[in-house]
Amino acid sequence: MVLNLTSYSPVDFIPYTREIYYSLLANSLTSQFSIHLLTVFINFVWIWAFVKRNLSIQFCSLALLWFICGYYFYGNLYAQINWIAPKMSWACYIQSLVCLAFVPISLKFRPENKSVLTWIIFTVFVALGPAAIWPVYQVMDWNALGFPGLNSTTLWLLTLSSYLSMPSSKSRFFAMVPTLPLIIFNLMRFYVFHVS
Amino acid sequence: MLPVNRRQLFTLALFSPFLASSKTPKKRALPKIGMGTWITFNIGDNKEAFKQREKVLKEFFSQGGGLIDSSPMYGSSEKVLGLLLPRVKEHQDKLISASKVWTSSTSMGPKQVQNSLHLWGLNKFDLFQVHNLLNWKDHLKTLNEMKDSGKIHSIGITTSHGRRHKELIEVMRTHPLDYIQVTYNVLDREVEKEILPLAKEKGIRVIANRPYQGGPLIKELKKKKLPSWAKEMELETWAQVLLKFITSHPALDCAIPATTQVEHMRENMQARLGKQLTSSQREKISQEISKLWS
């Protein structure tokens with residue numbers, strides 16, 4: 001389904017209310033708890049790999065998380081209420097493949113010095129992310145808390161941290177292009193829900 | 001001299017309307033207020049919202065509603081409608097079903113119509129429209145074929161937010177249409193210039209979407225007390241003011257406000273009743289609301 005995008009405004013891409021969106025996340029937590037548990041486990045694996053400076057395991061974890069995000073969240077859950085969701089899942093699959101491609105590349109590399117920026121992003125995500133993000137989103141139910149594997153924005157932050165740990169980080173940054181549209185979309189949703 | 005006698009001529013004249021109607025289906029009576037489902041019925045699996053929408057739908061029909069408009073673009077709205085319609089079986093004869101084809105792929109068009117029929121649980125649609133003029137040339141051809149085969153009663157084309165009006169006018173001039181759907185409300189009167197007169201001239205029915213500008217207009221007005229000029233026109237609520245303005249236009253056949261609240265549905269449907277407004281009353285409403293809105 002190709003679109004004449006000039007025929008649409010931001011609200012056309014968000015055809016649901018904020019309450020329905022959050023209840024979708026909350027319902028999924030109770031009905032698909034095992035998937036949430038799996039993503040939480042993989043998040044901890046990523047954190048462990050980040051602390052141990054093991055990039056290949058980081059990218060392996062990210063590949064899995066992007067696949068889960070694409071298949072479960074965009075392809076199944078979010079697709080119930082948004083026509084554009086199945087297209088977004090393809091961005092996640094491509095990002096997953098890119099992360100997978102970095103696994104062999106990063107096998108022999110061990111970051112010597114952590115960049116300041118990487119640690120800032122990591123700290124913000126782990127320590128402050130949920131607390132910072134959810135009051136802003138005025139979440140209706142804490143069951144609707146999103147985390148990497150379900151929420152593409154926080155997963156993008158994780159991915160950015162790993163890429164910034166690689167040598168020649170500036171060029172590696174372009175490996176995040178597949179999911180850049182998702183982040184723009186999430187910002188658009190924030191605009192529709194909270195600003196417009 | 002024609003090779004027929006007077007008796008044959010008389011018989012032809014007597015039966016010709018019935019012969020003509022096999023290709024031009026009779027227009028169904030259309031209540032002035034219908035219901036849109038953009039956002040409001042896109043509720044996924046939310047059980048609480050489902051129960052609420054059932055109440056809204058029952059109120060809609062019991063207050064004399066008919067046309068329900070949806071689209072594949074509206075997420076789970078068609079699926080939710082399909083689940084709710086059997087719960088309002090007693091009202092189903094009042095339903096005037098309207099959906100849309102929304103794909104750039106010509107071959108996907110018939111499949112989308114079939115899918116919509118399946119989701120709504122219907123054998124036939126009263127109205128099927130080309131959504132936002134997307135691939136209208138091929139889809140109008142498909143819809144006409146489906147109309148001939150009896151799957152669709154009427155065909156139409158839609159746009160919103162004032163987009164692609166020139167293209168819409170071109171389609172109206174060159175292709176036979178039963179309906180158009182456009183944005184028309186007290187603040188957005190663009191279609192009065194050319195589209196509504198053309199629709200009237202061609203005998204095309206007009207459905208107005210975004211009667212409340214997507215919602216902000218009525219939310220803002222409801223914060224203010226209903227002025228005396230509205231009461232003089234026998235309008236009791238802001239919903240009646242805004243909807244009567246639309247449906248009193250001579251070329252306008254139906255407005256499709258969307259709501260999730262039973263009370264709002266009741267207010268919307270009250271706009272069906274009472275006298276039509278005169279053109280001077282409509283102008284008065286337009287001026288007063290423009291002042292309030294600015």
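This short talk walks through a predicted model with chains A and B.

First, the ground rules. The model is predicted, so local features need pLDDT of at least 70 and side-chain atom pairs count only at pLDDT 80 or more, while totals for chains, interfaces and linings use all residues. Residues are numbered from 1 along each chain as its sequence is written, chains are lettered from A and ligands numbered from 1 in the order in which they are written, and side-chain values use heavy atoms, with hydrogens and water left out.

Let's start with chain A. Its secondary structure comes to eight helices and zero strands. Helices here are DSSP runs of H or I with at least four residues, strands are runs of E with at least two, and both are numbered from the N terminus. Along the sequence, the pattern reads α-α-α-α-α-α-α-α. Chain A has 196 residues, and buried ones make up 51% of them. Buried means under 20% relative accessible area, exposed means over 50%, and partly exposed is in between, with a 1.4 Å probe and protein chains only. Now take the contacts in chain A with a separation of 6 or more: residues 24 or more positions apart account for 78% of them. A contact means heavy atoms within 4.5 Å.

One residue to find in chain A is A:S162. It sits in helix α6, residues 152-165. Buried or exposed? A:S162 is buried, at 0% relative accessible area. Beyond its neighbours within four places in sequence, A:S162 is in contact with A:W46, A:L55, A:Q58, A:F59 and A:L62.

Next, the interface. On chain B, 21 residues are in contact with 20 residues of chain A. The area buried between the two is about 1,700 Å², and carbon and sulfur atoms give 55% of that. Buried area is the accessible area (1.4 Å probe) that two parts lose on being put together, summed over both. The side of chain B that touches chain A has eight nonpolar, ten polar and three charged residues. In that split, Ala, Val, Leu, Ile, Met, Phe, Trp, Tyr, Cys and Pro count as nonpolar, Asp, Glu, Lys and Arg as charged, and the others, Gly among them, as polar. How many salt bridges are there between chain B and chain A? Zero. A salt bridge needs a side-chain nitrogen of Lys or Arg within 4 Å of a carboxyl oxygen of Asp or Glu.

Now the cores. A nonpolar core is a set of buried Ala, Val, Leu, Ile, Met, Phe, Trp, Tyr and Cys residues joined through side-chain atoms within 4.5 Å. The largest one has 133 residues. Those with the most contacts inside it are A:Y78, B:I180, B:I285 and B:I289. Helix α3 of chain A, residues 55-77, gives the largest share, twelve residues. Apart from this core lies another, of nine residues, among them B:L67, B:I96, B:L127 and B:I256. In soluble globular proteins, nonpolar side chains tend to be buried together.

Stay with B:I256. It is in the loop between β8 (254-255) and α11 (262-270) of chain B. B:I256 counts as buried, at 6% relative accessibility. Leaving out residues up to four places away in sequence, B:I256 touches several others, including B:L67, B:D69, B:I207 and B:P211. B:P211 is 45 residues away along the chain, yet the C-alpha atoms of the two are separated by 7.0 Å.

Last topic: salt bridges. The structure holds 18 over all chains. B:K100 forms one with B:D69, with the closest N and O atoms 2.6 Å apart. The pair links distant parts of the chain, B:K100 in strand β3 and B:D69 in strand β2, 31 residues apart. B:K100 is buried at 0%, and B:D69 is buried at 2%.

A second salt bridge pairs B:E267 with B:K222, at 3.0 Å between the closest N and O atoms. B:E267 lies in helix α11 of chain B and B:K222 in the loop between α8 and α9, so the pair ties together parts 45 residues apart in sequence. B:E267 counts as buried at 17%, whereas B:K222 is partly exposed at 37%. Finally, salt bridges that share partners join B:R189, B:E192, B:R282 and B:E283 into one network.
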